[in-house]
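Biologist: I'm new to this one. Could you pull it up and walk me through it?

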Amino acid sequence: MKKMSTGKIVGISIAVVVVILILWFAGSYNGLVKADETVNEKWANVQTAYQRRADLIPNLVETVKQYSDYEGNILTEITNARSSIGKAQTPAQLQSAGTELNSALARLMVVVENYPNLKANENYLSLQDELAGTENRIKTERDIFNKAVKAMNIKVRRFPTNIVAGMFGFEKKEMFEADVGADTV
């Protein structure tokens, strides 16, 4: 049996290293793509939860209208806040629109307090329950989104995957954060 020449051994070694680097590079890239798509999916779920909430609001407003001397400016605020939710492109924008909607809904609830018959109305109570359930869904979806963003951000920042991320434009994603002043009771 012939001995392999030194040149062949070096050539095979280089080929093996190149194959390993290509496999690592492809694995890193594919991992980043998967993490990015997971973040996109979770973002869509958050938007869906916010949209469900926004879709419930007109029913609530209509029920309140039937029982009260409704204040038109609250309806305008609610309508504007609902449209802001649909236009939001980032967690910060969606959070801001949600805060705006919460504020308008709080004013609506003040109106409701003056109408005991409304508070006992079956439709109103059902809508309140659905709205509360939707708020829980929003919280859950935001938490899931933040976990996906965390996983993505770790991949983007961790060496050596950060090299691949930089080459292909993968960047850190923005998380949902607590509203300003949420830490004070």
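Modeller: Sure, and keep in mind that this is a predicted model. One term before we start: a helix here is a DSSP run of at least four residues, numbered from the N terminus.

Biologist: Okay, which helix holds Ser 28?

Modeller: Look at the run covering residues 6-67. Ser 28 has its place in there, and that helix is H1.

Biologist: And is Ser 28 buried or exposed?

Modeller: Ser 28 touches Thr 161 and Val 164, leaving out residues up to four places away in sequence. Buried means under 20% relative accessible area. Ser 28 has 8% relative accessibility, so Ser 28 counts as buried.

Biologist: How do H3 and H5 run relative to each other?

Modeller: H3 spans residues 91-113 and H5 spans residues 122-157. They pack at an angle of about 160 degrees, with axes 14 Å apart. Angles over 145 degrees count as roughly antiparallel. H3 and H5 are therefore roughly antiparallel.

Biologist: What kinds of residues make up the contact of H3 with H5?

Modeller: On the H3 side you'll find Leu 105 and Met 109, among others, while the H5 side includes Leu 131, Glu 135 and Arg 142. The residues of this contact divide into seven nonpolar, three polar and two charged.

Biologist: Which helix gives the most to the largest nonpolar core?

Modeller: That core has 39 residues, and Leu 94 is one of those touching the most other members. H1, H2, H3, H5 and H6 each supply at least two residues. The top contributor, with twelve residues, is H1.

Note on methods
Residues are numbered from 1 along each chain as its sequence is written. This is a predicted model: local features need pLDDT of at least 70, side-chain atom pairs count only at pLDDT 80 or more; totals for chains, interfaces and linings use all residues. Side-chain values use heavy atoms; hydrogens and water are left out. Buried means under 20% relative accessible area, exposed over 50%, partly exposed in between (1.4 Å probe, protein chains only). Contact means heavy atoms within 4.5 Å. Axes are lines fitted to C-alpha atoms, for helices over the stretch in contact, and angles run from 0 to 180 degrees between N-to-C directions. Angles under 35 degrees count as roughly parallel, over 145 as roughly antiparallel, 65 to 115 as roughly perpendicular and the rest as oblique. Ala, Val, Leu, Ile, Met, Phe, Trp, Tyr, Cys and Pro count as nonpolar, Asp, Glu, Lys and Arg as charged, and the others, Gly among them, as polar. A nonpolar core is a set of buried Ala, Val, Leu, Ile, Met, Phe, Trp, Tyr and Cys residues joined through side-chain atoms within 4.5 Å.
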